[in-house]
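Biologist: I'd like to learn how to read a model like this one feature by feature. Could you take me through it?

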Amino acid sequence: MRGLPMAVEAAAAASSASALGGAVDWWRDVNESTLWQDRIFHALAVLYGFVSAVALVQLVRIECRVPEYGWTTQKVFHFLNFLVNGVRSVVFVLRPDVQLLQPEIIQHVLLDMPGLAFFTTYALLVLFWAEIYYQARAMSTDGLRPTFYWINGVVYAIQIILWLVLWWKPVRIMVIISKMFFAGVSLFAALGFLLYGGRLFLMLQRFPVESKGRRKKLQEVGYVTTICFSCFLIRCVMMCLNAFDKALDLDVLNHPILNFFYFLLVEIVPSALVLFILRKLPPKRGITQYHPIH
């Protein structure tokens with residue numbers, strides 16, 4: 001009788017091992033199938049194209065609503081979303097051709113530049129929140145925009161230098177340094193959202209007047225902070241793993257499933273959610289925060 005439970009356990013273990021082996025085989029078959037690679041990359045292109053179109057529609061709606069304010073922070077944010085997602089869409093449509101481009105540095109630029117632009121897009125949102133926070137506390141905001149431009153300038157300058165060195169000497173260590181730098185940039189963005197999103201959230205919580213508008217703004221800041229902090233933190237972790245583990249390499253064609261879930265989690269879903277949360281149009285006149293960017 002003792003042998004019966006053992007036989008059942010052995011059969012269950014064999015079944016689990018078989019199922020796991022089948023899943024591994026399926027993953028490998030999908031990764032190595034050019035048909036599935038094309039399908040997954042085209043699916044990413046469609047999703048990016050959809051987010052880009054949503055950002056463009058929202059930009060047009062805002063421009064029709066407040067044309068007299070020129071290029072406000074809100075308009076630039078939506079324009080950059082349109083641009084970043086549109087470029088990503090084109091790159092994924094042409095993904096097999098991008099992989100064949102020579103010299104190889106062109107591949108790195110086309111695959112990495114939209115990620116840097118994504119950083120700039122959401123750093124602009126951090127800047128907007130920082131300005132609101134400082135203005136509400138009667139503090140000077142004069143240094144915020146120069147700091148924003150300076151940080152972005154340094155990030156792009158370092159990345160361009162890394163690309164040039166990689167072009168001059170395409171060795172593995174330079175690829176690792178480039179990916180780790182991008183991981184650091186992503187961590188910096190995550191901490192920026194945590195700092196200024198958290199400050200603005202706590203300030204709104206302490207605001208004495210209870211109103212529907214206050215509750216809505218509190219939820220908006222809380223949701224966007226959580227989404228953006230999470231996506232940049234995930235990106236940071238993935239870039240670190242990607243730098244040292246070739247099984248997690250995102251810059252190759254034979255990892256389409258990994259690419260799909262990575263870009264879905266760190267760019268597509270966060271962008272779609274943030275655009276939905278920030279869909280409210282600005283009032284037609286009288287709101288000073290919608291000032292032009294000089």
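**Reading the model, feature by feature**

Modeller: Let's begin with the surface. The protein chain exposes about 16,000 Å², and carbon and sulfur atoms supply 72% of that area. Keep in mind that this is a predicted model.

Biologist: How many of the residues are buried, as a percentage?

Modeller: Burial is judged by relative accessible area, with under 20% counting as buried. Here 42% of the 294 residues of the protein chain fall in that class.

Biologist: And the fold? What does the secondary structure consist of?

Modeller: Nine helices and zero strands. Read from the N terminus, the protein chain simply goes α-α-α-α-α-α-α-α-α. To see how the chain is tied together, look at contacts between residues at least 6 apart in sequence: 76% of them join residues at least 24 apart.

Biologist: Can we follow that down to single residues? Where is Leu166, and is it buried or exposed?

Modeller: Leu166 sits in helix α6. Its relative accessibility is 6%, so it counts as buried. Leaving out neighbours within four places in sequence, Leu166 touches Ile105, His108, Val171, Met174 and Val175. Take Ile105: Leu166 is 61 residues away from it in sequence, yet the two are 7.0 Å apart, C-alpha to C-alpha.

Biologist: His108 turned up in that list. Which residues does His108 contact in turn?

Modeller: With neighbours within four places set aside again, they are Met113, Trp163, Leu166, Val175 and Asp251. His108 belongs to helix α5, residues 105-136. It is buried because its relative accessible area, 11%, is under the 20% cut-off.

Biologist: What about pairs on helix α7? Which residue does Ile177 pair with in space, and how far apart are their C-alpha atoms?

Modeller: Ile177, in helix α7, has its C-alpha 8.0 Å from that of Ala243, although 66 residues separate them along the chain. Ile177 is partly exposed, at 38% relative accessible area. Leu191 is also placed in helix α7 and is partly exposed, at 46%. Leu191 and Phe232 lie 41 residues apart in sequence and 8.9 Å apart in space, C-alpha to C-alpha.

Biologist: Now the inside. How many cavities of 30 Å³ or more are there?

Modeller: A cavity is a space where a probe fits but cannot get out. This structure holds one of 30 Å³ or more, and the largest cavity has a volume of about 240 Å³.

Biologist: Which residues lie nearest the centre of the largest cavity?

Modeller: Leu111, Asp112, Lys179, Met239 and Asp251, out of 20 residues in the lining. Asp251 is also one of the contacts of His108. As for chemistry, the lining of the largest cavity divides into eight nonpolar, six polar and six charged residues. Helices α3 (73-93), α5, α7 (172-205), α8 (212-244) and α9 (256-277) each supply at least two residues of that lining.

Biologist: On to cysteines. Why is Cys236 not in a disulfide?

Modeller: The test is distance: two cysteine sulfurs must be within 2.5 Å. The closest cysteine sulfur to that of Cys236 belongs to Cys240, 4.6 Å away, so it is too far for a bond. The disulfide count for the structure comes to zero. Cys236 is buried, at 11% relative accessibility.

Biologist: And Cys64, is it buried or exposed?

Modeller: Cys64 is exposed, because its 61% relative accessibility is over the 50% cut-off. You'll find Cys64 in helix α2, residues 34-65. Cys64 is 220 residues from Lys284 in sequence, but 9.7 Å from it in space, C-alpha to C-alpha.

Biologist: Last topic, the backbone. What should I compare an odd angle with?

Modeller: Most residues other than glycine have a negative phi, and most peptide bonds are trans. Against that background, the peptide bond from Gln102 to Pro103 is cis, with omega near 0 degrees. Pro103 is in the loop between α4 (95-99) and α5.

Biologist: Which phi does Ala138 have, and where does Ala138 lie?

Modeller: Its phi is positive, about 55 degrees, although Ala138 is not a glycine. Ala138 lies in the loop between α5 and α6 (144-168). At 73% relative accessibility, Ala138 counts as exposed.

Technical notes:
Residues are numbered from 1 along each chain as its sequence is written. This is a predicted model: local features need pLDDT of at least 70, side-chain atom pairs count only at pLDDT 80 or more; totals for chains, interfaces and linings use all residues. Side-chain values use heavy atoms; hydrogens and water are left out. Helices (H or I, at least four residues) and strands (E, at least two) are DSSP runs, numbered from the N terminus. Buried means under 20% relative accessible area, exposed over 50%, partly exposed in between (1.4 Å probe, protein chains only). Contact means heavy atoms within 4.5 Å. Accessible areas come from the Shrake-Rupley method with a 1.4 Å probe; for residues, only the protein chains shown count as cover. On a 1 Å grid over the protein atoms alone, a cavity is a set of points where a 1.4 Å probe fits but cannot get out, and a pocket is an open set with protein on both sides within 12 Å along at least five of seven lines; lining residues have an atom within 4 Å of a point. Grid points are joined across faces, edges and corners, and a volume is the space filled by probe spheres set on the points. Ala, Val, Leu, Ile, Met, Phe, Trp, Tyr, Cys and Pro count as nonpolar, Asp, Glu, Lys and Arg as charged, and the others, Gly among them, as polar.
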